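This briefing introduces one protein structure to a first-year reader. Please look through the sequence and the structure shown here before reading the points that follow.

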Amino acid sequence: METKRWDVGIYINEDGANTVARAVLFIDAEERAAGYGRARRNPADPEVPEIGDELAASRALADLAGRLRSVAQDDIDSLTSPAPKAAQSGL
């Protein structure tokens, strides 16, 4: 059984109360998909940058997971969809 390796990089940018994260899937060092997430600190809350990082990163990973599910569903649909009538008749 072959073991495959997929790598995910998470890139986080903070700008005051706003945090943006990008989760990127790399397969064989090539970028294949990306997900995005945001977090915004309520001005009344104490400044704890790690919380914004965690929230934005988790949202980016969730977005990436959804995008991968969508790609997989498209692949499944392309394999299970009936062939066009012209192809069925041999034209």
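In this predicted model, the largest nonpolar core consists of nine residues: Ala21, Ala23, Leu25, Ile27, Ala33, Ala39, Ala56, Ala60 and Leu64. Three elements each give two or more residues to this core, namely strand E2 (18-27), strand E3 (30-40) and helix H1 (49-80). The greatest contribution, four residues, comes from E2. In soluble globular proteins, nonpolar side chains tend to be buried together.

**A residue of the core**
- Ala60 is one of the nine core residues.
- When residues up to four places away in sequence are left aside, Ala60 touches Ala21, Arg22, Ala23, Gly35, Tyr36 and Gly37.

**Secondary structure**
- The protein contains three strands and two helices.
- Along the sequence, these elements follow the pattern β-β-β-α-α.

**Overall dimensions**
- The radius of gyration of the protein is 20 Å, whereas a compact globule of 91 residues would have a value near 12 Å.
- Along the principal axes, the C-alpha atoms fill a box of roughly 70 × 30 × 20 Å.

**Burial and contacts**
- Of the 91 residues, 19% count as buried.
- Among contacts with a separation of 6 or more, 35% are between residues 24 or more positions apart.

**Surface and charge**
- The protein exposes about 7,100 Å², and 53% of this area is supplied by carbon and sulfur atoms.
- The protein has 11 positive and 16 negative charges, and the mean positions of the two groups are 6 Å apart.

Definitions and conventions. Residues are numbered from 1 along each chain as its sequence is written. This is a predicted model: local features need pLDDT of at least 70, side-chain atom pairs count only at pLDDT 80 or more; totals for chains, interfaces and linings use all residues. Side-chain values use heavy atoms; hydrogens and water are left out. The radius of gyration is taken over C-alpha atoms; the globule rule is 2.2 Å times the number of residues to the power 0.38. Buried means under 20% relative accessible area, exposed over 50%, partly exposed in between (1.4 Å probe, protein chains only). Contact means heavy atoms within 4.5 Å. Accessible areas come from the Shrake-Rupley method with a 1.4 Å probe; for residues, only the protein chains shown count as cover. Lys and Arg count as positive and Asp and Glu as negative; His and the chain ends are not counted. The place of a charge is taken as NZ of Lys, CZ of Arg, CG of Asp or CD of Glu. A nonpolar core is a set of buried Ala, Val, Leu, Ile, Met, Phe, Trp, Tyr and Cys residues joined through side-chain atoms within 4.5 Å.
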